[in-house]
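Morning, everyone. I have one structure to walk you through today. Let's put it on the screen.

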There are 2 protein chains.
Amino acid sequence: MMKKPEDAARWLLERDHFLILTHVRPDGDTTGCAIALCLGLRSLGKDAWIWKNPQFSGRFLPRMDGMLRTDLAADATLVAVDMATESLLPHGAEDFAGKSRLCIDHHPSNTFYAGETLLDASCAGCGELIYQVLEAMGVAITPAMAEAVYIAISTDTGCFRFSNTSAQTFETAAACVAHGAQIAPINRQLFEIKTKGRLQLEARMMTDMEFYCGGTVAICCLPQSLVEELGVSEDDLDSISGFPRTVEGVLVGAVLRDSEPGKVKFSVRTAPGYNASTYCAALGGGGHAAAAGAAIPGTLAEGKAALLAVLRQDKTLWK
Amino acid sequence: MMKKPEDAARWLLERDHFLILTHVRPDGDTTGCAIALCLGLRSLGKDAWIWKNPQFSGRFLPRMDGMLRTDLAADATLVAVDMATESLLPHGAEDFAGKSRLCIDHHPSNTFYAGETLLDASCAGCGELIYQVLEAMGVAITPAMAEAVYIAISTDTGCFRFSNTSAQTFETAAACVAHGAQIAPINRQLFEIKTKGRLQLEARMMTDMEFYCGGTVAICCLPQSLVEELGVSEDDLDSISGFPRTVEGVLVGAVLRDSEPGKVKFSVRTAPGYNASTYCAALGGGGHAAAAGAAIPGTLAEGKAALLAVLRQDKTLWK
């Protein structure tokens, strides 16, 4: 395992003909890392490409103009970014298994599948680490690179809202702006705009949301029929489980779905001091203290009754 | 006018018995500035208080425990923070007019009403400037001061989303975290949670929103009867004018209100390249390119027809 960004920088400087690999269901972090690294290597006169992940978001494609390749170049120096395990290889890239020469990542769960690994789990976004590698390579950071790094770190911190945001994250963002990143349009695209379908879905969820115990518990059913009626995609449903907890005063929020016939799936989100995992364990599920899930046979109405029965046992909630 | 934070720092160090003044309808910036400055002065052994603005948000009051005074102390050294003009004196503080000894502000519109003024319009939030003054005074920044500064700068940048966010803003945020600010709970309180009334209102607005020209124009009526039915406060309505523009693809968004009988008020928000001020001028109003307003006699339905007639004249929109 490499110890410092300088190690990866030296390794990259000694090589050429790079093909950069992003993970399946690519988010702004893996995508931004790939763009920044590709641009950085090219600025040094290297031959560098990004493997065309079939799931790249349309919103990022214009930033990758002229950088994408679809062939599985056998002779390329394969570099994976923000990819913790090979089970996250993108669709169509399964043949890359065992072939990554370098992995740059920030996930503590990294399985060290690559020949060399630069791992720094203290980075909120992998983009923080990529920025350090670029600097260590002596790259003159351009606005396009700075914007790619900014996309990476703002994505993984929810625009600096999440608890993983560190002083270093803000310092990296400061450097991006200093290097010419125009962040306001990026922020608007990533953190303000929602699709009409998502907003209509939220509107219906809010209208139908049920509150219990003086408003500390909020339960929301999301019938598959509604998802289909509004034509919302699974992308649009990203992080919808957190929606009930955006209502002031809600300590426990749950979203129930019947996307699989005959089965109801729970997503439970809780405030500090309330254990989502305990509630879900009582329904045969599990997870973390703040976010957990479960699935039981039945309808949405039956699921709601089952969940309420569990929540009623937590006397601290129903005081 | 003072030139540097060091000038204000010296001025403050030479004096004592401070009373800090915030502006009417106090936001997180003026409030955070007052808290940080009060704590900073006290840490140096000074006598310092915040004048109890009757409109202080309940969410910030616990942070001001033991710092608030309601009397108009004639002998105090009055310091106004984030207050551009004396027309922004808070309710009940009108007698302070002409008595501010120092003003620390970031508004280019500052009228220099105070004896001394430290003005830096390059700061996105006045909190950036307060932080520099604290540093220049040699204050050892505590987590409570750092959180107050963070509240100030994150408020005025919409959690670093707005175009006023600079490298210095991010650097100040980095310093806040380095000095122990716990930012995730603050971010959740300020930028994730909404009142039930606000969310119910958004739900109704979304359900009733009308789209024109392939979805590039969105118009939303906000009847006063709905505002009253849902019991939403004017606080809850903060920045509601921007709501239609959160829908993907909307270039021109308008919110129409009938809060005054017999009159319809327009708030228009536009994407770059579309001039809200031109549209509103045609209705007898005005404003900026991205945000403008107008008011005409009539009902919501009549107002909508009038606005659509204006928008129809912009051929670039109706192509």
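Start at the rotation axis. Of chain B's residues, A203(B) comes closest to that axis, with its C-alpha at 1.9 Å. Keep in mind that this is a predicted model.

What does the rotation do? Turn by 180 degrees, shift by 0.0 Å along the axis, and chain B superposes on chain A. The RMSD of that superposition is 0.1 Å. The two copies are therefore related as by a two-fold rotation axis. Now the contact surface. Both copies use the same one. Of the contact residues of chain B, 100% recur in chain A.

Next, chain A by itself. How many helices and strands does it have? Ten helices and twelve strands. Its radius of gyration is 22 Å. The globule rule gives 20 Å for 319 residues, and 22 Å is close to that, so chain A is as compact as a globular protein of that length. As for extent, the C-alpha trace spans about 65 × 40 × 35 Å along its principal axes.

Now zoom in on some helices. I'll take two pairs, both in chain A, and α3(A) belongs to each.

Pair one is α2(A) and α3(A). Helix α2(A) covers residues 28–43. Its axis and that of α3(A) come within 9 Å and cross at roughly 10 degrees. Angles under 35 degrees count as roughly parallel, so α2(A) is roughly parallel to α3(A).

Who makes the contact? From α2(A), we have D29(A), C33(A), A36(A), L37(A) and G40(A). From α3(A), the partners are C126(A), G127(A), I130(A) and L134(A). By type, that gives six nonpolar residues, two polar and one charged.

Pair two is α3(A) and α5(A). Here α3(A) is residues 126–136, and α5(A) is residues 167–178. They pack at an angle of about 55 degrees, and their axes are 10 Å apart. That angle makes α3(A) oblique to α5(A). Left-handed or right-handed? The crossing of α3(A) past α5(A) is left-handed.

On the α3(A) side, the contact residues are E128(A), Y131(A) and Q132(A). On the α5(A) side, they are Q168(A), T169(A), T172(A) and A175(A). This contact divides into two nonpolar residues, four polar and one charged.

To recap the two pairs: α2(A) runs roughly parallel to α3(A), while α3(A) lies oblique to α5(A). Six nonpolar residues sit in the α2(A) contact with α3(A), and two in the α3(A) contact with α5(A). That's my tour. Thanks.

Note on methods:
Residues numbered from 1 in each chain as written. Chains lettered and ligands numbered in written order. Predicted model: local features only at pLDDT ≥ 70, side-chain atom pairs only at ≥ 80, totals over all residues. Heavy atoms only, no water. Axes fitted to C-alpha atoms, helices over the stretch in contact; angles between N-to-C directions. Helix = DSSP H or I, 4+ residues; strand = E, 2+ residues; numbered from the N terminus. Parallel < 35°, antiparallel > 145°, perpendicular 65-115°, else oblique. Left-handed = near helix turned anticlockwise from the far one by under 90°. Contact = heavy atoms within 4.5 Å. Nonpolar A, V, L, I, M, F, W, Y, C, P; charged D, E, K, R; others polar. Least-squares fit on C-alpha atoms with pLDDT ≥ 70 in both. Rg over C-alpha atoms; globule rule 2.2 N^0.38 Å.
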